[in-house]
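Colleague: Could you take a close look at one part of this model for me, the last helix of the chain and what packs on it? A bit of context on the domains would help too.

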Amino acid sequence: MTTETEGKTRQFIEQAERFGAHNYHPLGVVLTRGEGCFVWDVEGTRYFDMLSAYSAVNQGHCHPRIVKALVDQSRVLALTSRAFHNDRMGDMLEKLATLTGFERVLPMNTGAEGVETAIKAIRRWGYRVKGIPANEAEIIVALGNFHGRTTTIVGFSDDSDAYSDYGPFTPGFKQVPYNDLDALAAAITDKTAGVIIEPIQGEAGVMIPAADYLPGVQKLCKENNVVFCLDEIQTGLGRTGKLFAWQHDCERPDMIILGKALSGGLYPVSCIAADDAIMSVFTPGSHGSTYGGNPVAAAVATAALDVLIDEDLCNKALALGEHVKARFDAELTTANLKETRVRGLMIAVEYQTGVAHDAAVALQSQGILAKDTHATSIRFAPPLVITKAQLDEALDIIIPTLNSF
Ligand SMILES: Cc1ncc(COP(=O)(O)O)c(C=O)c1O
């Protein structure tokens, strides 16, 4: 590292700290380029990206097919609003309906907007189909959830950093412990319209529920005429080794929310998918978004889905995840290890003590970018395009480093 490049890093960080709001605490690395599973900082150092922008970059950084779709469509027609049809949205909707197995898809932009859309759909369905008295619908969520940052969504988070002093919050949400079917059964009433949970809690530290949890939630929802909605924004689109994480455990839910990798990291694209019985509660004017379903988003999402399928990224993630698990089981020997949690390439290593941040910093200094969560856990989620040889190269650094804590 030369003094000149060190100066560049300092300059970019100081600029961000001087002019930006301090709502993040990033690692001290300034990235300037990405390709596949690698990113480079302004000093020219190459890193394995083991975060993938929280699983938005499943297809790898700057995938040429997705970049081409973005560039080509931007040159022709970028935004129409939904006041008019455009000739790209239909392909995306049809592809999504086919892949998800749902009759209808409603496109939005960010993940949080997708979750808000699901909340609206569930509430309307609760009043108009289930017959819940006006303004009394309840939605059950799980403790430890992360569904985004809007005021409604943080209102049902139990992370005080996320919700403190943003109240008053939207009423109508009940929290129950995750992975606890008795608690869920006890919380359901005649006024329960839906349950929204993550099939694996990502931000909570890759918390994988017991194998009977999702089938149990599904059964309770069916028995009580409650919409079973899975937030697959982080787990979906290949991350866990299946196209959707629910495919590991249960039957298709009543609704899913997708985001992040729906664009391969090039553009914010999210959606909800459900059958007509729920989606028909939306009528013209009752919901929308200026950018939702725009031609660039549609072209990008269509290409991002094609890449997932054509490059068989789900099966790749499944096989590579098994390889990671085997190497962790054989080679992670630190006495401070509590457990590892691996499903596809959604991976966490949990320590008994709060060393995760120090471990992330130590990994950074050796060319590995990973993210600590809740003091004791460190998460790994490489782009699914990573090869076995590249993964082994990364693990040859990661495992000894983790063993030193
Ligand atoms: C499970 C889940 N839901 C929702 C969101 C929110 O997505 P966005 O940041 O695009 O609003 C995230 C983001 O991390 C997430 O992991």
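Modeller: Here is the helix packing, followed by the domain context.

A word on ground rules: this is a predicted model, where local features need pLDDT of at least 70, side-chain atom pairs count only at pLDDT 80 or more, and totals for chains, interfaces and linings use all residues. Residues are numbered from 1 along each chain as its sequence is written, and side-chain values use heavy atoms, with hydrogens and water left out.

Let's start with α12 (residues 313-331) and α14 (residues 388-403), whose axes come within 11 Å and cross at roughly 30°. Helices here are DSSP runs (H or I, at least four residues), numbered from the N terminus, while strands are E runs of at least two. Axes are lines fitted to C-alpha atoms, for helices over the stretch in contact, with angles from 0 to 180 degrees between N-to-C directions. That crossing angle makes α12 roughly parallel to α14 (under 35 degrees is roughly parallel, over 145 roughly antiparallel, 65 to 115 roughly perpendicular, and the rest oblique). The residues meeting there, with contact meaning heavy atoms within 4.5 Å, include Leu 320, Val 324 and Phe 328 from α12, and Leu 391, Leu 395 and Ile 399 from α14. By class, this contact has six nonpolar, two polar and five charged residues. (Nonpolar covers Ala, Val, Leu, Ile, Met, Phe, Trp, Tyr, Cys and Pro; charged covers Asp, Glu, Lys and Arg; the others, Gly among them, are polar.)

Now for the other partner: α13 (residues 356-364) packs with α14 at about 140°, axes 10 Å apart. That makes α13 oblique to α14. Ala 359, Ala 362 and Leu 363 of α13 touch Ile 397, Ile 398, Thr 401 and Leu 402 of α14. The α13 contact with α14 counts six nonpolar residues, one polar and no charged ones.

As for the domains, the chain divides into domain 1 (3-59 + 312-403) and domain 2 (64-310), with bounds from an automatic or database domain assignment. Their centres, taken over C-alpha atoms, are 26 Å apart. Across the boundary, 27 residues of domain 1 contact 30 of domain 2. Together the two domains bury about 2400 Å², 57% of it on carbon and sulfur atoms; buried area is the accessible area (1.4 Å probe) that two parts lose on being put together, summed over both. On the domain 1 side, Gln 59, Arg 343 and Met 346 supply 33% of the area buried against domain 2, more than any other three residues.
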